[in-house]
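Student: Could you walk me through this one? I'd like to start with a single residue and then work out to the whole chain.
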Amino acid sequence: MATIDSASRPVGTKTQAVIDVFSRYVVPNYKRFPVCLVRGEGSRVWDAEGNEYLDLFPGWGCNLLGHCPGPVVRAVQEQVARLIHVPNTWYTEPQGEWARLLSERSFGGQAFFCNSGTEANEAAIKLVRLRSGGERYKIITFQGGFHGRTMGSVTATAQPKYHEGLGPMLAGFHYAPHGDLDAVEKLVDDRTGGILVEPILGEGGVVPAPEGFLQGLRRIADERDLLLVFDEVQCGCGRTGKWFGYQHFGVVPDVITLAKSLCAGIAGGAMLTTADLARHLRPGMHAATFGGNPVAAAAGIAAIRMIEDEGLLDHVDRAAAAFRERLAALKERCDAVRDVRVMGMMIGVELTIDGAAVVQACLERNLLVNCTQGRVIRLLPAMTITEADVEEGCETLAEAIMEVASRG
Ligand SMILES: *Cc1c(COP(=O)(O)O)cnc(C)c1O
């Protein structure tokens, strides 16, 4: 982002020293803000210069319960001192318990554990292929979707910008316009084995599936004997005020993939599917060495328990209502706001102006937000966010949008 270096606040000496180390030793595959974060608590983080920020995008959606949530920190500390890792040639209590908690909150199936979203989707891709012994290898995905960066998941991601220079891509992926059931029907043939879709597009701009779309996919999947896979890496695990995104739409998929918020900030991923389908991932066909490790499992269990003990699904509904009210009022008085989409703690503010400039204007006001699709300000706030932080965040965001809009 070109405007970063001209930020009003000069880069401090501690931060500059870290940036210098990165320049020499870290692969430059990310755009980074010139800020070095050192500590976090709830919806607040602090940088190496002592500045405090309100973080409405904690951990890129991974820090579902804010920075360093107490119950998760304690569970990890206890587990890491007892047993850090053992391979999946042994049984461990935490992995089984974690799978049970996830199963009971979804559709009663079984879990395969891995470490990231892209890996969870790779497992789903393999499951689709293995179910037919490789006969029906084709998978339909959607424009605007995002599924990860390994070769299978990045091929599943339709946008050409993610494929540039990486070809040849994995065979068998076919892309339909998001929401277009006719296009899906036309793409299905005897070699098609599955449909992969985000019930709420995340990177695509926080876009819930249009009315009837997921029902239509369920119908097509049933008629043509396809697996319906929901990528819930961004919208799952309680973020939307329900345990899983699909529960908003009254459509039950055959497979869901999870990561990001699954372990409230610790790396972890999972694929959930029915016991009947799960048997196709037979021993020897798929694995993840660190998958379901005791520390990730302890964090995942603690996250679920904390959400329940603290009534956070209901809290999300209240916080979402507060965001909706304030952002709707902003839309009323500010032409630069085109649309506001709130699905629990998954929020998109679509602008008519450049989103990157707004992110920068927020940063200068010590507010951390994200921009996706060029013009959508995306917030993935902690489920624990307070009413006061919602108010402060919305006010600061409004100021930043107005300022950028006034530049013309
Ligand atoms: C982030 C994301 C992924 C990829 O997850 P990683 O953990 O980065 O591999 C996949 N699907 C969706 C919907 C995502 O938001």
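Tutor: Let us start with V26, which lies in the loop between α1 (13-25) and β1 (37-41); please keep in mind that this is a predicted model.

Student: Is V26 buried or exposed, or in between?

Tutor: V26 has a relative accessible area of 33%, and it counts as partly exposed because that value falls between the cut-offs of 20% for buried and 50% for exposed.

Student: And which residues make the nonpolar surface patch there?

Tutor: V26 joins V21, F22 and Y25 in making a nonpolar surface patch of about 380 Å².

Student: Switching to F142: where is that, and is it buried or exposed?

Tutor: F142 belongs to strand β5, which covers residues 138-142, and with a relative accessible area of 2% it is buried, because the cut-off for that class is under 20%.

Student: What is F142 in contact with, leaving aside its neighbours within four places in sequence?

Tutor: With those neighbours left aside, F142 is in contact with A158, Q159, A176, P177, H178, V184, I195, L196, V197, F213 and L217. Taking H178 from that list, it is 36 residues apart from F142 in sequence, while their C-alpha atoms are 5.2 Å apart in space.

Student: F213 and L217 sound like a helix; which residues of α7 are buried?

Tutor: In α7, the buried residues are F213, L214, G216, L217, R218, I220 and A221, and they pack against β5, α6 (181-187), β7 (192-197) and β10 (227-231).

Student: How does the span of α7 agree with what its 12 residues should give?

Tutor: Helix α7 runs over residues 213-224, and at 1.5 Å a residue it should span 16 Å; the end C-alpha atoms are indeed 16 Å apart, so the two agree. Just after α7, D225 takes a positive phi of about 55 degrees.

Student: OK, whole chain now: how many helices and strands are there?

Tutor: The protein chain has 12 helices and 17 strands, and its C-alpha trace spans about 60 × 55 × 45 Å along the principal axes.

Student: What radius of gyration would a compact globule have, and what does the chain have?

Tutor: For 408 residues a compact globule would have a radius of gyration near 22 Å, and the protein chain has 21 Å, so the value agrees with that expectation. Buried residues make up 54% of the 408 residues, and of the contacts with a separation of 6 or more, 72% are between residues 24 or more positions apart.

Student: And what about the accessible surface?

Tutor: The accessible surface of the protein chain comes to about 18,200 Å², with 53% of it belonging to carbon and sulfur atoms.

Key
Residues numbered from 1 in each chain as written. Predicted model: local features only at pLDDT ≥ 70, side-chain atom pairs only at ≥ 80, totals over all residues. Heavy atoms only, no water. Patch = residues over 30% accessible without salt bridge, like charges linked within 9 Å, V, L, I, M, F, W, Y side chains within 5 Å. Areas by Shrake-Rupley, 256 points an atom, 1.4 Å probe, with all protein chains shown as cover. Salt bridge = Lys/Arg side-chain N within 4 Å of Asp/Glu carboxyl O. Helix = DSSP H or I, 4+ residues; strand = E, 2+ residues; numbered from the N terminus. Buried < 20%, exposed > 50% of the residue type's maximum accessible area, 1.4 Å probe, protein only. Rg over C-alpha atoms; globule rule 2.2 N^0.38 Å. Contact = heavy atoms within 4.5 Å. Expected span 1.5 Å × (residues − 1).
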